[in-house]
Each structure stands twice: as C-alpha cells, then as structure tokens.
Amino acid sequence: MPLSIQEIATLLDSAAHQAQSTEQISTKQRIELAEAYAIQQASIALRYTRGETLVGLKMGFTSKAKMEQMGVHELIWGRLTSSMHIQNGGNLNFQDFIHPRAEPEIAFKIKEDINEALTLENAADYVESIAGAIEIIDSRYQNFKFSLEDVIADNCSSAAFVVGDWHAPDTDIADLKIELSINKEVVQSGSSKAILGNPWESLVEASRLSIKYKEPIKKGMIILAGAATPAVYIKQGDAIAAKVEGLGQIKLHA
Ligand code: OOG
Ligand code: MG
C-alpha cells in the first residue's frame, strides 16, 4: 500500500531530525507535484510542533549550474525555519546533518507583506535590505539523489542558512562576482547573474509561487534567491566563506 502524505511527511521529518538518510519516495511510489508540496507542508508542520517558526522561503534551481548539477530543471521553493538560521561567523552542528553541501546565494529581507505577484518594476518596494548568503543543503535522500517531486517533498534540501551584512535595497545586484571558499581555497566562482539572469527575478517568481501555494510572504521574512554556482560538499572542521562583490563576506564553521 502506498504511504499517505502524512506518513511520508513523518518519514522525511524523522530523517532530517535524526540525520539519517532515507530511500527516495519516487522509487517506491508515484507522487504528483501537488502532493509533493503537500508533503513538504505537512513535514514542516511537524517542525512547528517542536517550536520552530517560519522565517522565510527559499528558491531552488534558479541557476543552470544547479539544474545541471542535480539533474532537475524546474524552479522549486521551500520553507526556512527559525532553527535553520545561523549567525554570520557561527558554527554548524555537524552531527545534525547527513551529507551537507554549501552554496552561495543572495538574500532579500521583506519590508511589507506581499499580497500580489511582483514585477521587476515594483519588487524593490517590498524589500527592506539585501545581503549575500550561504545556504547549507542536506538532502534527506540516499546519495543526495532525487526526482523533482522527491526534492520538493523534502523541503528542497533546506537545512541551514547564514546571511551577511544587510545592504540598501537599491544596491545593484544584477551582476556581482560571487566566490565560495573552503579553508581559504576558492572552490566555486560565478556571478549573481546566473540566478535567472538577475536575482530580482527570483523574488518575482517567489511571489508568484507563494500566492499559488498559499504561503504568504510576510514582513520580516528572508527570501533566498537560489544558488549562483553548484553546491560543494563540506566536512567537519571546514571554514566556509562566501564573498559577494559589494556585499561583503559570509562565514561559517562546520
Ligand atoms: C535542492 C535545492 C536547490 C538552490 O539554491 O538551487 C537549491 C538541492 O540542490 O538539493 O537550494
Ligand atoms: Mg539553495
């Protein structure tokens, strides 16, 4: 018998909570896109019962680099909760993760509740500030492999994130040089342009998806625009840093 949405949600939540990988759902049963988002919602609801709160949304597969690395070619979105937020320069509790990877991103802090689909023309009106960020992704699936529906059900691999210093919303972010280093060695480099041609497009897409899936973007939320480069595996003891031109450094220790 196929597992129910609630059963899959519990399975994925336990995998994350216990840092134990699990088999891909798609190898056991077929799930539709809408079901995958319903599983994500139910699985994050289990985090809320443990006291976590929703602090933002993340966009995924907004760059070709990421799509190609993971073999998934559609935009996805997931939820960021309070326990995922690590202060800039902070530490990752490595034993809480399965096979974490780091990726450099751009973050938006929302100034006002968003109740409409944004456009490139009005998106900045809703943004209080912009920063560089590092996302730590940690697929709950074996070998970090998944289908589109698998990864959506698994909250798009969200595991942790770090945001750098906040900058004015009129900072030009269309084509910023981005570097990710591990132990001072540059391991990935690219441009913010890789994110849908302009990271603002990612916020526009996030606003559309948030309306479609009835998860409103509220004042104070953080929206991660998606990685500009492929993600890199990290190990315990690593010093991870991202440098985003004009936005400063974002750091964390694994
Ligand atoms: C899925 C999450 C994708 C991004 O920035 O593109 C993502 C994954 O790669 O495991 O966060
Ligand atoms: Mg990401």
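**Figure 1. Leu209 in helix 5.** Leu209 is buried, with a relative accessible area of 15%, in this predicted model. Its place is in helix 5, which covers residues 199-212. Setting aside residues up to four places away in sequence, Leu209 touches Met59 and Trp77. For a sense of scale, try the pair Leu209 and Asp175: the two are 34 residues apart in sequence, and their C-alpha atoms are 24 Å apart in space.

**Figure 2. Ligand 1 and the residues around it.** Here we turn to the bound molecule. Ligand 1 sits in the largest cavity. The residues that surround ligand 1 number 17, and the closest are Lys58, Lys66, Glu103, Ser157 and Ala227. Which elements each supply at least two residues of the shell around ligand 1? They are strand 1 (54-60), helix 3 (64-70), strand 5 (101-110) and strand 6 (127-137). Strand 1 gives the largest share of the shell, with 3 residues.

**Figure 3. Polar side-chain atoms beside the oxygen atoms of ligand 1.** This view picks out three side chains. A polar side-chain atom of Lys58 lies 2.7 Å from an oxygen atom of ligand 1. For Ser157, an N or O atom of the side chain is 2.7 Å from an oxygen atom of the ligand. For Glu105, the distance between a side-chain N or O atom and an oxygen atom of ligand 1 is 3.0 Å. On its own, ligand 1 has 320 Å² of accessible area, and the protein covers 100% of it.

**Figure 4. Thr229 in a loop between two strands.** Look for Thr229 in the loop that runs between strand 10 (222-224) and strand 11 (232-233). Is Thr229 buried or exposed? Thr229 counts as buried because its relative accessibility is 1%, and the cut-off for buried is under 20%. Leaving aside neighbours within four places in sequence, Thr229 is in contact with Ala65, Lys66, Pro104, Gln188, Ser189 and Gly190. One of these partners, Lys66, is also among the closest residues to ligand 1.

**Figure 5. Two residues with a positive phi.** Phe144 is not a glycine, and yet it has a positive phi of about 55°. Phe144 is placed in the loop between strand 6 and helix 4 (148-153). With 3% relative accessibility, Phe144 counts as buried. Cys156 is also not a glycine, and its phi is positive at about 55°. You will find Cys156 in the loop between helix 4 and strand 7 (158-163). Cys156 counts as buried at 3% relative accessibility.

**Figure 6. Met70 and its contacts.** Met70 is found in helix 3, one of the elements that supply at least two residues of the shell around ligand 1. At 14% relative accessibility, Met70 counts as buried. Which residues does Met70 touch, not counting those up to four places away in sequence? They are Phe61, Arg101, Phe144 and Phe146. Phe144 is a familiar name here, with its positive phi of about 55°. Met70 and Lys243 are 173 residues apart along the chain, and their C-alpha atoms are separated by 23 Å.

**Figure 7. Asp13 in helix 1.** Asp13 has its place in helix 1, residues 5-18. Asp13 is buried, and its relative accessible area is 7%. Once neighbours within four places in sequence are left aside, the contacts of Asp13 are Ser43, Leu46, Arg47 and Arg50.

**Figure 8. Two loop residues, Glu32 and Gln236.** Glu32 is found in the loop between helix 1 and helix 2 (33-49). Glu32 is partly exposed, with a relative accessible area of 40%. From Glu32 to Met59 the C-alpha atoms are 19 Å apart in space, and the two residues are 27 apart in sequence. Gln236 lies in the loop between strand 11 and strand 12 (239-244). Gln236 counts as exposed because its relative accessibility is 56%, and the cut-off for exposed is over 50%. Not counting residues up to four places away in sequence, Gln236 touches Phe94, Gln95 and Ala254. Gln236 and Pro104 are 132 residues apart in sequence, with 19 Å between their C-alpha atoms.

Note on methods
Residues numbered from 1 in each chain as written. Chains lettered and ligands numbered in written order. Predicted model: local features only at pLDDT ≥ 70, side-chain atom pairs only at ≥ 80, totals over all residues. Heavy atoms only, no water. Helix = DSSP H or I, 4+ residues; strand = E, 2+ residues; numbered from the N terminus. Buried < 20%, exposed > 50% of the residue type's maximum accessible area, 1.4 Å probe, protein only. Contact = heavy atoms within 4.5 Å. Near = heavy atom within 4 Å. Polar contact = N/O pair within 3.5 Å; in protein donor to acceptor, adjacent residues only side chain to side chain. Areas by Shrake-Rupley, 256 points an atom, 1.4 Å probe, with all protein chains shown as cover. 1 Å grid on protein atoms, 1.4 Å probe; cavity = no way out; pocket = protein on both sides within 12 Å on 5 of 7 lines; lining within 4 Å. Sits in = over half its atoms within 2 Å of the grid points.
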